[in-house]
Amino acid sequence: MKLVTTGIDALPGVIVEEGAQRYTVRLRIPAGVITPVQMKKVADLADEFGTGMLHLTTRQTVEIPHVTEDDVPALKLALEENGTPIGAEHETVVNITACPGIERCRLANVDSLTLAMDIDRKYFGRDMPVKTRIGVSACPNACVSERLCEVGVTGLLKPIRHPEKCTGCGTCVEYCKEDALEVVNGVIILNNDKCIRCGSCVHTCPYGVITAGEPWYQITFGGKRGRHPKLGRHIITVSGVQTASQVIDILMYRIYRHGISGMLLGDQIDDAYVGIILSEIQQKIPPENIISEW
Ligand code: SF4
Ligand code: SF4
Ligand code: SF4
């Protein structure tokens, strides 16, 4: 499938298919959240304007394949009325992804859905020098592979021990997948170097010996998929969702102003670049919200 940027396919999210006779129309569905009514309408539109087929994408959205050029304008209007407008592709901010987060997942540390929706309102579809993917996971299990995005956010939780109440039962030790917990002389010990701040132990101690600190947001930059995938670099970890949003704003502005067209962001970043971004962020956000230990 090729991407063309003239004529009807200049609409971001309208992708010319092989043979150039038909188009695939990609929708904007932030964090993959859609109502049943909207979904039914999308299915009806796929019948009316496509060939009755829908395709679910890796970025939590939906495509209607095989639409003719003549039908694209009417489909566009119908999708807008449905609240599922045509999405974005190519060198823009594309569909924002997020895991279910605190609303549904017992492992979640932060409200990934609300943050993703906020990011979508600010940045979705914006023209950028490079394709910009943003993903938000509410814990280090990283269900949306946010570290393979240009901007990734991962929710963390620092466990706080109250060893004087520990019974030494070992339940939390069983649950910690990082071998960061150990019972020594009947008391729980935490190995900070091994702990990845997933927060699982907080939910597992039956006696409330391990409690939750304030949630943190780990922010990564410059990840990419494709032929030569790369994990995004850890830029900073902060407390407070507003500070996390501020960091994202700084990173987005960086990409917009300094990104080089024709090259994936992940290939434009080196240690010096990361250092420059970090010092810019440190000058702009409240120092008390920077988690220096992570
Ligand atoms: S990333 Fe964590 S919180 Fe989000 S769905 Fe996966 S396990 Fe649950
Ligand atoms: S936060 Fe996660 S990694 Fe750290 S001790 Fe608890 S379960 Fe283990
Ligand atoms: S589960 Fe709670 S009580 Fe049991 S060893 Fe861990 S911290 Fe101590």
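**View 1. Strands E2 and E4 side by side in the predicted model.** Here we zoom in on strand E2, residues 23-26, and strand E4, residues 62-67, which run antiparallel and are joined by 3 bridges. Want one pair to look for? Start at Tyr23: its bridge partner in E4 is Val67.

**View 2. The open sheet that E2 and E4 belong to.** Step back a little and you'll find 4 strands, in the order E1-E2-E4-E3, with antiparallel pairing. Which strands sit at the edges? They are E1 (14-16) and E3 (55-56), and each of these pairs on one side only.

**View 3. Helix H2 packed on the sheet.** Helix H2 takes in residues 72-81 and touches strands E1, E2 and E4. Follow the direction of H2 and compare it with that of E2: the two make an angle of about 15°.

**View 4. Where domain 1 touches domain 2.** The protein is divided into domain 1, residues 7-81, and domain 2, which is made of 97-157 plus 215-289. Their C-alpha centres lie 27 Å apart. At the meeting place, 8 residues of domain 1 are in contact with 8 residues of domain 2. What kinds of residues does domain 1 bring to the side that touches domain 2? Sorted by class, there are 4 nonpolar, 2 polar and 2 charged ones.

**View 5. The surroundings of ligand 2.** There are 13 residues around ligand 2, and those that come nearest are Cys176, Ala180, Cys195, Cys198 and Cys201. Split by class, this shell has 9 nonpolar residues, along with 2 polar and 2 charged ones.

Note on methods: Residues numbered from 1 in each chain as written. Chains lettered and ligands numbered in written order. Predicted model: local features only at pLDDT ≥ 70, side-chain atom pairs only at ≥ 80, totals over all residues. Pairing = 2+ DSSP bridges. Contact = placed C-beta atoms within 7 Å. Axes fitted to C-alpha atoms, helices over the stretch in contact; angles between N-to-C directions. Domains from an automatic or database assignment. Nonpolar A, V, L, I, M, F, W, Y, C, P; charged D, E, K, R; others polar. Near = placed C-beta within 6 Å.
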